[in-house]
Amino acid sequence: MEKYIAVYIGILSIIGFFVCAYDKRAAIKKRSRISERTLFLISLLGGAPGVFIAMLALRHKTKRWYFMLSIPLIITAQAALIIYFVLV
């Protein structure tokens with residue numbers, strides 16, 4: 001079970017990273033953007049580590065206080081849930 005969770009989180013994190021990278025590139029080129037709602041949805045579904053890494057690596061959405069607060073909180077909550085379900 002733990003292996004499947006790790007693969008799931010890994011895949012969604014990669015997706016989250018590339019969606020943020022695409023959004024950053026679209027912002028630079030003044031193209032159609034990915035909505036913040038979509039970025040939060042990807043994070044809530046398990047892609048928060050990838051979104052957070054992209055935020056820091058690409059300096060994307062780092063001026064938005066709610067991203068800088070929410071994404072680490074989502075990661076913490078998901079880690080706590082994973083630990084709880086793996087140990088119980």
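**A salt-bridge network and a kinked helix**

Glu 36, Lys 61 and Arg 64 are joined to one another in a network of salt bridges, and this network is a convenient point of entry into what is a predicted model. In one of its pairs, the side chains of Glu 36 and Lys 61 meet with N and O atoms 3.1 Å apart. This pair links distant parts of the chain, since Glu 36 belongs to helix α2 and Lys 61 to the loop between α2 and α3, 25 residues apart. In another pair, Arg 64 bridges to Glu 36, with the closest N and O atoms 3.4 Å apart, and here again distant parts of the chain are linked, with Arg 64 in the loop between α2 and α3 and Glu 36 in helix α2, 28 residues apart. The members of the network vary in their exposure: Glu 36, at 23% relative accessibility, is partly exposed, Arg 64, at 40%, is also partly exposed, and Lys 61, at 12%, counts as buried because the cut-off for burial is under 20% relative accessible area.

The structure holds three salt bridges in total. Besides the bridges of the network, Arg 33 forms a salt bridge with Asp 23, where the closest N and O atoms are 2.9 Å apart. Arg 33 lies in the loop between α1 and α2 and Asp 23 in helix α1, so this pair ties together parts that are ten residues apart in sequence. Arg 33 is partly exposed, with a relative accessible area of 39%, whereas Asp 23 is buried, at 0%. If neighbours within four places in sequence are set aside, the contacts of Asp 23 are with Arg 33, Ile 34, Leu 39, His 60 and Lys 61. Asp 23 is therefore in contact with its salt-bridge partner Arg 33 and also with Lys 61, one of the residues of the network described above.

Seen as a whole, the chain has three helices and zero strands, and its elements run α-α-α from the N terminus on. Its C-alpha atoms fill a box of roughly 50 × 25 × 20 Å along the principal axes. Of the contacts with a separation of 6 or more, 63% are between residues 24 or more positions apart, and buried residues make up 27% of the 88 residues.

Helix α2, which covers residues 36–58, departs from a straight course: a straight helix of 23 residues would span 33 Å, but α2 spans only 16 Å between its end C-alpha atoms. A kink of about 125 degrees lies within α2 at Gly 47, shortly before the proline Pro 49. Gly 47 is itself among the buried residues of this helix, which also include Leu 39, Phe 40, Ile 42, Gly 46, Ala 48, Val 51 and Met 55. The buried residues of α2 pack against α1 (2–28) and α3 (65–87). After α2 comes Arg 59, with a positive phi near 50 degrees.

Turning to the surface, the chain exposes about 6,200 Å², of which carbon and sulfur atoms supply 71%. A nonpolar patch of about 840 Å² is made by Leu 81, Ile 82, Ile 83, Tyr 84, Phe 85, Val 86, Leu 87 and Val 88. One of these residues, Ile 83, lies in helix α3 and counts as exposed, with a relative accessibility of 51%.

Technical notes
Residues are numbered from 1 along each chain as its sequence is written. This is a predicted model: local features need pLDDT of at least 70, side-chain atom pairs count only at pLDDT 80 or more; totals for chains, interfaces and linings use all residues. Side-chain values use heavy atoms; hydrogens and water are left out. Helices (H or I, at least four residues) and strands (E, at least two) are DSSP runs, numbered from the N terminus. The expected span of a helix is 1.5 Å times one less than its number of residues. The bend at a residue is the angle between axes fitted to the seven residues ending there and the seven starting there. Buried means under 20% relative accessible area, exposed over 50%, partly exposed in between (1.4 Å probe, protein chains only). Contact means heavy atoms within 4.5 Å. Patches are made of residues with over 30% relative accessible area and no salt bridge: like charges are joined within 9 Å, nonpolar side chains (Val, Leu, Ile, Met, Phe, Trp, Tyr) within 5 Å. Accessible areas come from the Shrake-Rupley method with a 1.4 Å probe; for residues, only the protein chains shown count as cover. A salt bridge is a side-chain nitrogen of Lys or Arg within 4 Å of a carboxyl oxygen of Asp or Glu.
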